[in-house]
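User: I am new to this structure and should like a close look at one part of it, the charged side chains and their pairing. Please also describe the surroundings in which they sit.

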Amino acid sequence: MAKDLEIDDNGDLVIDPTTHDLSIISEVDEIVQRIKATLDIYYGEMENLDPEVGADYSNLLGKGFNTELAIADMTSAITAGVPEITGVTEMSIGVDPATRKATVSFTVSYDDGDDEQEAKGDYEIGA
């Protein structure tokens with residue numbers, strides 16, 4: 001299973017309070033972190049590095065919000081950005097009109113090399 005440096009909600013590296021070293025995450029937490037990192041990138045934003053990476057927010061923004069299309073866009077971004085994902089089993093998008101923020105809640109299945117696992121998380125857009 002993959003391991004990665006842990007980052008917090010602000011994108012900063014996390015220091016382990018016990019060892020004072022950089023914190024390492026793995027398994028479910030690493031998968032969820034990679035999904036959030038994928039959704040952090042707007043589709044086409046990384047034109048020179050990888051123009052196909054990221055999430056398309058066009059169906060999520062503006063007055064013509066279409067839940068089904070927005071969910072399809074987020075699902076495509078997740079499955080393309082995290083190769084271990086074998087399926088998005090559940091996804092919902094909640095929009096708060098007062099704050100103009102959206103929360104994407106997801107449940108995915110992934111192959112950890114031995115068997116299928118499940119990961120759940122939330123990603124806030126517009127924060």
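Analyst: The account below begins with the charged pairs and then turns to their surroundings.

This is a predicted model, in which local features need pLDDT of at least 70 and side-chain atom pairs count only at pLDDT 80 or more, whereas totals for chains, interfaces and linings use all residues. Residues are numbered from 1 along each chain as its sequence is written, and side-chain values use heavy atoms, with hydrogens and water left out.

Side chains of opposite charge can pair when their charged atoms come close. The structure holds three salt bridges, a salt bridge being a side-chain nitrogen of Lys or Arg within 4 Å of a carboxyl oxygen of Asp or Glu.

One of these salt bridges joins R34 to E30, with 2.6 Å between the closest N and O atoms. Both residues belong to helix α1, where four residues, about one turn of the helix, separate R34 from E30. Helix α1 itself covers residues 27-40; helices here are DSSP runs of H or I with at least four residues, strands are runs of E with at least two, and both are numbered from the N terminus. E30 counts as buried because its relative accessible area is 2%; buried means under 20% relative accessible area, exposed means over 50%, and partly exposed lies in between, with a 1.4 Å probe and protein chains only.

R34 also pairs with E84, and here the closest N and O atoms are 2.9 Å apart. E84 lies in the loop between α2 and β3 while R34 lies in helix α1, so this pair ties together parts that are 50 residues apart in sequence. E84 is partly exposed because its relative accessible area is 25%. Taken together, E30, R34 and E84 are linked in a network of salt bridges.

A further salt bridge connects E124 with K101, the closest N and O atoms being 4.0 Å apart. E124 is in strand β5, residues 116-125, and K101 is in strand β4, so the pair ties together parts that are 23 residues apart in sequence. E124 is partly exposed because its relative accessibility is 42%. K101 is likewise partly exposed, because its value is 29%.

Acidic residues also gather on the surface. D111, D114, D115 and E116 form a negative patch there. Patches are made of residues with over 30% relative accessible area and no salt bridge, with like charges joined within 9 Å and nonpolar side chains (Val, Leu, Ile, Met, Phe, Trp, Tyr) within 5 Å. Lys and Arg count as positive and Asp and Glu as negative, while His and the chain ends are not counted. The place of a charge is taken as NZ of Lys, CZ of Arg, CG of Asp or CD of Glu. Within the patch, D111 belongs to strand β4, which covers residues 101-111. D111 counts as partly exposed because its relative accessibility is 37%.

D73, another acidic residue, lies in helix α2, residues 67-81. D73 counts as buried because its relative accessibility is 17%. Not counting residues up to four places away in sequence, D73 touches D56 and N59, where contact means heavy atoms within 4.5 Å.

The loop that holds E84 also holds P83, and strand β3 after this loop covers residues 85-96. P83 is exposed because its relative accessible area is 64%. Along the chain P83 and E118 are 35 residues apart, and their C-alpha atoms are separated by 14 Å. E118 is also one of the residues that T89 touches, together with T107, V108 and S109, not counting residues up to four places away in sequence. T89 has its place in strand β3 and is exposed because its relative accessible area is 51%. From C-alpha to C-alpha, T89 and E118 are 9.0 Å apart, with their positions 29 residues apart in sequence.

The surface also has a nonpolar patch, formed by L5, I7, L13, I15, L22 and I24, with about 500 Å² of accessible area together; such areas come from the Shrake-Rupley method with a 1.4 Å probe, and for residues only the protein chains shown count as cover. I24 is found in strand β2 and is exposed because its relative accessible area is 51%.

Lastly, E27 in helix α1 has a phi near 55 degrees, a positive value in a residue other than glycine.
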